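Work through the exercises below with the coordinates open. Try each task before reading its solution.

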Amino acid sequence: SSGNYEVTTPLNFINGARVDSIDPVELIDVIEPATGKVICQMPESGTSDVNEAIKSSRQAQVAWADLSGFERGKLLSKSALLLKQVVDNENHNKRSIKNPACHALPVEIKQKQEEIARIEVYDTGKPIQEARMDVQTAIDALEYYGGIASTICGQHFNLSNGSFGYTRREPLGVVAAIGAWNYPIQIAAWKAAPALAGGNSVVCKPSQFTPLSAVSLAEVFTEAGFPLGLFNVVQGGAVTGNTLTGHKGVAKVTFTGSVETGSKVMGSCARDIRHVTLELGGKSPLILFNDCDITNAINGALNANFFSQGQVCSNGTRVFIHKDIYEEVVGNLVQRTQAIKHGDPHHEQTKMGAMINPQHADKVMGFIERARQEGAEILCGGELVKMEDPVLHGGSYISPCIISEYCFDEMEISREETFGPVMNVYSFQSEEEVVRRANHSKYGLASGVFTNDLKRAHRVAAKMEAGSCYVNNYNIFPMEMPFGGFKQSGLGRENGTVTMDYFTQLKTVYFEMNDVDSPF
């Protein structure tokens with residue numbers, strides 16, 4: 001249950017071990033969202049910490065790059081297996097984590113996977129069922145890029161008179177991986193796996209709000225036999241992040257977070273012409289046509305809005321519903337939304353946990369209140385919830401909210417990323433109209449279409465100004481398929497084979513097989 005977790009070990013991880021900060025800037029309270037309890041006070045890493053992490057990573061990267069892709073892939077695959085450790089109850093109960101809620105787990109429990117999932121719940125406030133899925137996506141990333149590593153290669157070119165050329169895919173060097181607080185373990189693995197597969201080393205800076213699971217991932221990498229220093233973790237907020245992104249020893253920054261911070265990261269990288277990948281915010285449209293399977297569409301709309309308390313960048317928060325089915329769909333959405341169970345995120349029955357912190361909850365509530373003042377109709381939810389369990393009284397819980405079509409396209413809540421459990425619903429009449437309205441956004445991360453008309457599905461998907469378009473589903477992230485945004489939603493891609501292009505650099509080699517003529 002919540003309220004039982006304390007951290008007593010250092011959260012920086014450098015050169016294969018947890019270490020104390022050398023020159024902490026300040027102490028940051030790490031709060032358990034479900035209870036508001038302070039889990040620990042974490043030192044914010046200063047320049048000396050970042051320097052040490054990058055020095056260690058640069059040394060490890062040289063030896064790592066000398067390995068073949070196949071050898072690197074085997075170690076990535078081994079780390080995935082370690083995350084899926086299966087043990088019996090006797091061994092399980094000997095583990096070191098302070099997590100009384102797990103003591104009664106059954107035989108054949110996946111120990112490491114469950115431990116990190118529980119850490120993720122303490123860190124993020126999301127339900128345990130979701131946290132388990134997040135750890136699984138981390139495992140998937142390690143397995144996928146473990147297989148990809150041996151296939152990284154260039155091209156061969158036959159040229160005239162027997163000459164030839166070829167290209168090589170080579171590592172960039174040290175990659176700075178800066179994560180967001182909504183999916184800490186998933187983001188760390190999504191960034192680390194392709195970077196490591198490509199022969200790079202990684203210095204990871206998790207969000208200061210969710211620092212715990214990246215260190216657990218680092219320990220798994222060390223146990224798998226990665227060179228010491230290949231994956232380091234430095235903790236902190238903006239000061240640490242700025243030091244890291246501006247460091248001349250960093251070859252690439254991969255960042256997940258807000259547009260505002262992403263713009264600053266890009267500016268920092270521009271000064272030294274460093275590679276950068278940005279996965280930023282969204283205000284994504286989900287279109288439900290009148291020929292769709294209504295049950296699937298309702299399920300899709302709920303999945304598009306309420307995972308992780310709505311704190312998901314790709315969420316389809318603008319749900320456009322054809323006027324012929326609007327009343328039926330909205331009625332069912334309201335009924336299903338009102339039935340979502342809030343509670344202790346460690347309990348198996350809980351479907352929605354706590355917001356990341358009171359400040360963010362206040363921000364979301366501000367969006368809802370301003371929408372109400374602008375004339376929007378709140379169909380359900382949108383209120384701060386007082387939990388029955390006194391242990392949870394320090395957490396911030398918002399009842400999942402649906403705002404009606406009276407929330408017009410130009411309202412703030414229709415334009416800006418709310419990042420909370422808030423779904424906007426709108427009616428539309430024609431395909432042309434809804435495509436125009438859907439694309440009327442500075443963001444372009446994701447989009448969705450529910451229809452049984454095959455031609456319409458392809459036609460609308462082609463017109464969506466977004467990096468992803470889900471047809472008859474939403475918020476699905478297969479490792480094989482690239483993920484990233486258009487417009488202000490980002491640059492570059494994560495997942496899929498194309499991501500290796502963003503974690504390697506291309507060298508062209510020309511071989512002359514004939515005598516050289518010269519006019520000089």
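**Exercise 1.** Find the distance between the closest N and O atoms in the salt bridge of Lys442 with Glu416.

Solution. Start with the criterion: a side-chain nitrogen of Lys or Arg within 4 Å of a carboxyl oxygen of Asp or Glu. The closest N and O atoms of Lys442 and Glu416 are 3.2 Å apart. Next, place the partners. Lys442 sits in the loop between helix H14 (431-438) and strand E19 (443-444), and Glu416 in the loop between helix H13 (412-415) and strand E18 (422-428), so the bridge ties together parts 26 residues apart in sequence. Helices (H or I, at least four residues) and strands (E, at least two) are DSSP runs, numbered from the N terminus. Last, check exposure, where buried means under 20% relative accessible area, exposed over 50%, and partly exposed in between (1.4 Å probe, protein chains only). Lys442 is partly exposed at 35%. Glu416 is partly exposed at 22%.

The model is predicted: local features need pLDDT of at least 70 and side-chain atom pairs pLDDT 80 or more, while totals for chains, interfaces and linings use all residues. Residues are numbered from 1 along each chain as its sequence is written, and side-chain values use heavy atoms, without hydrogens and water.

**Exercise 2.** Which residues are joined with Arg132 into one network by salt bridges that share partners?

Solution. Take the Glu114 contact. Arg132 and Glu114 form a salt bridge at 2.9 Å, N to O. Arg132 is in helix H5 (residues 128-148) and Glu114 in helix H4 (residues 111-124), 18 residues apart. Glu114 is buried, at 5% relative accessibility. Arg132 is partly exposed, at 25%.

Now take Glu348. Its salt bridge with Arg132 has closest N and O atoms 2.8 Å apart. Glu348 lies in the loop between helix H11 (326-338) and helix H12 (358-373), 216 residues from Arg132. Glu348 is partly exposed, at 33%.

Assemble the result: Glu114, Arg118, Arg132 and Glu348 form one network through shared partners. The structure holds 25 salt bridges.

**Exercise 3.** How many cavities of 30 Å³ or more are there, and what lines the largest?

Solution. Set the rule: on a 1 Å grid over the protein atoms alone, a cavity is a set of points where a 1.4 Å probe fits but cannot get out, and lining residues have an atom within 4 Å of a point. Volume is the space filled by probe spheres set on the points, which are joined across faces, edges and corners. The count is seven cavities of 30 Å³ or more. The largest holds about 70 Å³. Of its 15 lining residues, Pro285, Ala438, Tyr443, Gly444 and Glu465 are closest to the centre.

Key:
On a 1 Å grid over the protein atoms alone, a cavity is a set of points where a 1.4 Å probe fits but cannot get out, and a pocket is an open set with protein on both sides within 12 Å along at least five of seven lines; lining residues have an atom within 4 Å of a point.
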